[in-house]
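Open your viewer and get ready to select a few residues as we go. We will begin with the whole chain and then move to individual side chains.

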Amino acid sequence: MAPNQPALAPELRTPAPNQGNIVARFIDVRAYTEQLAAPLSAEDQTVQSMPDVSPTKWHRAHTTWFFETFLLQPNLAGYEPFHPQYRYLFNSYYEAVGDRHPRSERGLLSRPGIAEIASYRRHVDEGMLELLGRPLPPAVEGLVELGLHHEQQHQELLLMDIKHVLWSNPLLPAYVDSPASFRGDGDAARWITHRGGTVEIGHDGDGFAFDNETPRHTVYLQPFAVSERPVSCGDWLAFIDDGGYARPDLWLSDGWAAVRSEHWEAPSYWLRDGDCWQVFTLGGVRAVDAAEPVCHISYYEADAYARWAGQRLPTEAEWETIRAIHRPEVFGDVWEWTASAYLPYPGFHPAAGAVGEYNGKFMVNQHVLRGGSIATPSGHTRPTYRNFFPPGARWPFTGLRLARDI
């Protein structure tokens, strides 16, 4: 299980993807979003605790907007949009579709409320089930598949965002009441070595992949080693105790500026309790477990820790190569920062039309993460999956794994 997060109750765990017909898969994915929102009040679902966080009800509406905008309106004759203004309210960043409500003001939308959003979802689901009952061209089937994976991405974002919302409440309320269950390895880190040379990375075309995972291509690696486990909270406590947050020699310039301006002294969601540390989780506050992987750290913190440890972060090519050959311990608990900037692979071309804005337009000022977290849906933890965030981001479920030259 991901650190700093309780095991979700069985009814809230990501279901295994239904490999049967597309109708069953559509129903499963759409229902799971509603299950994630079910523990939250109308007030919970409206709050936007910072510009990067979106309200829960916005996630529910935006994923619905995707199906309405890209599938129903162009492909279902006679379809009537649920509300003419929703095209504006729930567009995220698709410039080709039209104007959109500012991201930083999503929390100001007291209306539509959660009941209206539920009606919107039902309306679009009915249209989609009608559309899915017909023979579809391959291009339309591909858009349905993209829409399902898009909604699964927002399921993880929903959990990331509501955790920050609840953390911003002085009462520190829990999202779910369930016992924490974590995978942890406090033993000394072991290393997986690779002799380097020519390797291939990127998706091979077997099954679904986002466009940023392609094309598959050849890279050359120098000999290297990657730790078999991610950095633990116990490791991080040693970094703190050694003055890691007070030593400018360990930090990139922008990272040190963030430490000082944001007053960082520990990972996000950590609370000092006398001489000990507690952590806020989706299940409430508990003591930090030294054996579990550290979570909610920025790229800047990951880079500083690696420098303190006398190691470095793996490149995404190294990470993918090791992951494809071996299965490192405690895989999938936290997204792991890599040393790689988020850039297009050689030969990358975004898709035509508005959906081409899905990934390519963000290939600047971001760093790649690999792996997955407890909140990551099934199928999104494949070795080629490229997650990305700005280097100062701390609200995702992010940790690190060390690498070194050999």
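Here is a short tour of this predicted model.

**Whole chain.** Show the cartoon first: the protein chain has 9 helices and 12 strands. Its C-alpha atoms fill a box of roughly 65 × 55 × 35 Å along the principal axes. The radius of gyration is 21 Å, which agrees with the value near 22 Å for a compact globule of 406 residues. Of these residues, 53% count as buried.

**Charges.** Now colour by charge: the mean positions of the 34 positive and 50 negative charges lie 2 Å apart. The salt bridges number 24.

**First stop.** Select Arg60 and Glu34, a salt bridge whose closest N and O atoms are 2.9 Å apart. This pair links helix H2 (residues 56-75), home of Arg60, with helix H1 (residues 22-37), home of Glu34. Arg60 is buried at 3% relative accessible area, whereas Glu34 is partly exposed at 26%.

**Second stop.** Select Glu151 and Arg121, which meet in a salt bridge at 3.0 Å, N to O. Glu151 sits in helix H5 (residues 138-167) and Arg121 in helix H4 (residues 114-132), 30 residues apart. Both are buried.

Which residues are linked with these four in a network of salt bridges? Add Arg30 and Asp125 to your selection: they join Glu34, Arg60, Arg121 and Glu151 in the network.

**Last stop.** Select Arg401 and Glu336, a salt bridge at 2.8 Å, N to O. Arg401 lies in the loop between strands S11 (398-399) and S12 (403-405), while Glu336 belongs to strand S8 (residues 335-341), 65 residues apart. Both Arg401 and Glu336 are buried.

Technical notes:
Residues numbered from 1 in each chain as written. Predicted model: local features only at pLDDT ≥ 70, side-chain atom pairs only at ≥ 80, totals over all residues. Heavy atoms only, no water. Helix = DSSP H or I, 4+ residues; strand = E, 2+ residues; numbered from the N terminus. Rg over C-alpha atoms; globule rule 2.2 N^0.38 Å. Buried < 20%, exposed > 50% of the residue type's maximum accessible area, 1.4 Å probe, protein only. Lys, Arg positive; Asp, Glu negative; His and termini not counted. Charge placed at Lys NZ, Arg CZ, Asp CG, Glu CD. Salt bridge = Lys/Arg side-chain N within 4 Å of Asp/Glu carboxyl O.
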